[in-house]
Every structure is written in C-alpha cells, then in structure tokens.
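Please look over the sequence and the structure shown here before reading on. The report that comes after them is meant to be read with both in view.

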Amino acid sequence: MNRVMELIQGRNLVFEGALSQSQQALITCLNFNGTTNYGHVRAREYRGLTGFTFGGWFQTAAAAGTLGSVWYAAANQTWRSYLTSTKPTLGVSSTGANEITVQHPTAITLNTWYFIAGRYNPSTELAIWVNATKTVNTTAIPASLYLTGTIDYCVGATHTGINLLTGKASMLFFCR
C-alpha cells in the first residue's frame, strides 16, 4: 500500500480496518467502507497553528460521513469536514460545544468526484469549497485552536472512529 501523509509534519497515516486502494484512470484512491476503516495520525504536535486547510478529491456513496477531522483531547477542541444530507459542511469548536459551521449550499451527487476543501482562518472566517465555489461564515469564529498539547488527525472518520465515510478519497492534504 502506498503511503498517505499529512503535510504539516510529514507523518504517515495509520490505516484502521481494511482500508484498501484502487485506481481510477491514473489516480490512486483510498476506499472507505463506512463501517470499519479510516486513516489517522495519533497524538502529534501541531502547536501554534494559525489557521489550516484540509481537502482533497472525494466520491461519496452515502449522504453522511466525515471527510476529515482534527481533535485536541485536553481542551475538547475540534475541527471537522463532513457531509450532512449530501451537503459538505465545515465546523470548528474551541470548547467541544457550540460548533461554528459553514455549509455549502449545493448538495453533491453521490458517486461523483468533487474537490472539497475547508479553511479555518482564526477570528476571520470558515470557508468551504466544492470544486471552485467558495462559501464562507465570518460570525463568531474562534480566535485560536490547538495552541498547546497534541492532537489527532483523521481521514474518513472523527477522532474516535465514528461517523465513517463511505466512498473514495484521493490527493488528500492538510496544511497551514
């Protein structure tokens, strides 16, 4: 199996369950079955992130599921990109409660490839792109996340391996 890396510190993701790969045209994809598999990097240092972007190409086969997430256990801070009734959504919480979100207004078509990316810009905005269309929320954006300690980074699930993705992902990135 090829390596999948997060780009901030160049760490390989650990695969849970039977996460497999396939080819579509010339592109390698990860296959998420929605029940047992996802990728993660546990307890890594991401101190001092002053904003970050997550994204990639996704082809989903179900109307709900997590595309990617980051979680800081000690402060219960979270960032996650997920689908709600086929609408891509980005949410952040600096306390584990009162998640601030932005949802793209267009529902995606299942089993179709989309470029989906989300950007957290402290105190300024949450933005989500589906293909080339950007949607933003500028209200009550947390001033900081992940300033101390270690966090978990996951693809295809939340930090606890729930809300699993059913579908495929390719060319994933997580960067400052």
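The sections below take up confidence, overall make-up, the nonpolar core, the aromatic rings, two further residues and the cysteines.

## Confidence in the model

This is a predicted model, and the protein chain averages a pLDDT of 82, with 82% of the residues scoring at least 70. Confidence is lowest in strand β1 (residues 5–6), where the mean is 50, and highest in strand β14 (residues 133–137), where it reaches 96. Where pLDDT is low, the predicted coordinates should not be read in detail.

## Overall make-up

The secondary structure of the protein chain consists of 16 strands and zero helices. Of the 176 residues in the chain, 49% are buried, and the chain exposes about 7600 Å², of which carbon and sulfur atoms supply 53%. Among the contacts with a separation of 6 or more, 60% are made by residues 24 or more positions apart.

## The nonpolar core

The largest nonpolar core has 32 residues, and the members that touch the most others are F54, F58, W79, Y120 and L126. F54 is counted as buried because its relative accessible area is 1%, under the 20% limit. Apart from its neighbours within four places in sequence, F54 is in contact with L67, G68, W79, S81, I116, A117, G118, Y153, V155, F173 and F174, so that W79, another of the residues touching the most core members, is among its contacts.

## Aromatic rings

The structure holds four aromatic pairs. One of them is formed by F52 and Y120, whose rings are tilted, with 5.5 Å from centre to centre and 50° between the planes. This pair links distant parts of the chain, since F52 belongs to strand β7 (residues 52–60) and Y120 to strand β12 (residues 113–121), 68 residues apart. Both F52 and Y120 are buried.

The rings of F54 and F58 also pair, with their centres 6.2 Å apart and their planes at 40°, and because that angle is neither under 30 nor over 60 degrees, the pair counts as tilted. Like F54, F58 has a relative accessibility of 1% and therefore counts as buried. In addition, ring pairs link W57, F115 and F173 into a cluster.

## Two further buried residues

Is F32, in strand β5 (residues 27–33), buried or exposed? With a relative accessibility of 4%, F32 is under the 20% limit and therefore counts as buried. Residues up to four places away in sequence aside, F32 touches L19, N37, Y38, G39, V155, G156, L165, T166, G167 and A169. The C-alpha atoms of F32 and L164 are separated by 7.8 Å, although these two residues are 132 residues apart along the chain.

T60 is placed in strand β7, and its relative accessibility of 1% is the reason why T60 counts as buried. Not counting residues up to four places away in sequence, T60 touches L67, L83, I108, L110, N111, T112, L165, T166 and G167. L165, T166 and G167 thus appear among the contacts of F32 and also among those of T60.

## Cysteines

A disulfide is a covalent bond between the sulfur atoms of two cysteines. How many disulfides does the structure hold? The structure holds zero disulfides. As for burial, C29 has a relative accessible area of 1% and is buried, while C154, with a relative accessible area of 0%, is buried as well.

Definitions and conventions. Residues numbered from 1 in each chain as written. Predicted model: local features only at pLDDT ≥ 70, side-chain atom pairs only at ≥ 80, totals over all residues. Heavy atoms only, no water. Disulfide = S-S within 2.5 Å. Buried < 20%, exposed > 50% of the residue type's maximum accessible area, 1.4 Å probe, protein only. pLDDT = per-residue confidence, 0-100. Helix = DSSP H or I, 4+ residues; strand = E, 2+ residues; numbered from the N terminus. Contact = heavy atoms within 4.5 Å. Areas by Shrake-Rupley, 256 points an atom, 1.4 Å probe, with all protein chains shown as cover. Core = buried A, V, L, I, M, F, W, Y, C linked by side-chain atoms within 4.5 Å. Phe/Tyr/Trp six-rings, centres within 6.5 Å; stacked < 30°, edge-to-face > 60°.
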